[in-house]
Amino acid sequence: MKKIFLSFFIFLFGCSLFGGLADCVYSNLSYTQFGVLKFNDSETQVSIFVKKFPEKTVMQMESEMGMLMRLAVDNSGKVILAEGSLMFRKSWVENFALRDFLILTGKANIALNPKKIKFSENCTSKAKLSYGDDYSIDFSDFKFEKNLGRKLPRKVLIKDETYEISLDAKNFKPLKKDAK
């Protein structure tokens, strides 16, 4: 228990000094991601579209086969919509896509409780969140976004024991009220 408390304290201290995790997540943004989803022995190219509205955030994942899944959460992270397809089960949306989405958009309590966190250069070149041996998120290729006034990761690699998704993010757009 002491180790958990000490790790969390060190994490909070690091965040207060360096900005930390908040600078690694895509909170209050609309953006697109393109990449590869690996599941078992298959790979598929995917496009992910995230749209931030004042009251909710919506994500849709598509492939050349069509819409794979759609997810919407309110500003507290509560699920409004979780929709799968013939190729992407609703249970996968609820168990995996939702977890990843909440972490990437900064809405998840789990984002503050990884077992291991690695930052480099004030979270401006690489960051890694590890939640044990079977789940991690790597952020890299940080670029300065003029319209946001901060650096954001262009590349995200999510690894789980059952899948891996490698994404490149583009076209960041803040909510009008958050634009600088």
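Does F96 count as buried, partly exposed or exposed, and at what relative accessibility? At 26% relative accessibility, F96 counts as partly exposed, because the partly exposed class lies between the buried limit of under 20% and the exposed limit of over 50%. The structure described here is a predicted model.

**Overall layout**

The protein chain holds 2 helices and 10 strands. Read along the sequence, these elements follow the pattern α-β-β-β-β-β-α-β-β-β-β-β. The chain has 180 residues, of which 41% count as buried. Its exposed area is about 10400 Å², and carbon and sulfur atoms supply 55% of that area. Among contacts between residues at least 6 apart in sequence, 44% join residues at least 24 apart.

**Aromatic rings**

A pair of aromatic rings is described by the distance of the centres and the angle of the planes. In this model the count comes to 4 aromatic pairs. Two of them are set out below.

| Pair | Centre to centre | Angle between planes | Class |
|---|---|---|---|
| F88 and W92 | 5.6 Å | 90° | edge-to-face |
| F96 and Y163 | 5.5 Å | 65° | edge-to-face |

The planes of F96 and Y163 stand at 65°, so this pair is edge-to-face; the limit for that class is over 60 degrees. The pair links distant parts of the chain, with F96 in helix α2 (residues 90–104) and Y163 in strand β10 (residues 163–174), 67 residues apart. While F96 is partly exposed, Y163 has a relative accessible area of 9% and is therefore buried.

In the other tabulated pair, both F88 and W92 are buried. These two residues also belong to one aromatic cluster, together with F39.

**Charges over rings**

Two further rings have a charged residue over the face. K56 lies over the face of F53, at 5.6 Å from the ring centre. R99 lies over the face of Y135, at 3.5 Å from the ring centre.

**Two serines in strands**

Where does S30 lie, and what is it in contact with? S30 lies in strand β1, which covers residues 29–39. Leaving aside neighbours within four places in sequence, S30 is in contact with V50, K51 and K52, and also with N171, F172 and K173. Of these partners, K51 is 21 residues from S30 in sequence, yet the two are 4.4 Å apart in space, C-alpha to C-alpha. S30 is buried, because its relative accessible area is 9%, and buried means under 20%.

The second serine, S63, lies in strand β3. At 13% relative accessibility, S63 also counts as buried. Outside its neighbours within four places in sequence, S63 is in contact with T44, Q45 and L68.

**A nonpolar patch on the surface**

On the surface, M65, L86 and M87 make a nonpolar patch of about 370 Å². One of these residues, M65, is placed in the loop between β3 (56–63) and β4 (66–74). Strand β3, at one end of that loop, is also the strand that holds S63.

Terms used
Residues numbered from 1 in each chain as written. Predicted model: local features only at pLDDT ≥ 70, side-chain atom pairs only at ≥ 80, totals over all residues. Heavy atoms only, no water. Patch = residues over 30% accessible without salt bridge, like charges linked within 9 Å, V, L, I, M, F, W, Y side chains within 5 Å. Areas by Shrake-Rupley, 256 points an atom, 1.4 Å probe, with all protein chains shown as cover. Salt bridge = Lys/Arg side-chain N within 4 Å of Asp/Glu carboxyl O. Helix = DSSP H or I, 4+ residues; strand = E, 2+ residues; numbered from the N terminus. Phe/Tyr/Trp six-rings, centres within 6.5 Å; stacked < 30°, edge-to-face > 60°. Buried < 20%, exposed > 50% of the residue type's maximum accessible area, 1.4 Å probe, protein only. Lys NZ or Arg CZ within 6 Å of the ring centre and 35° of its normal. Contact = heavy atoms within 4.5 Å.
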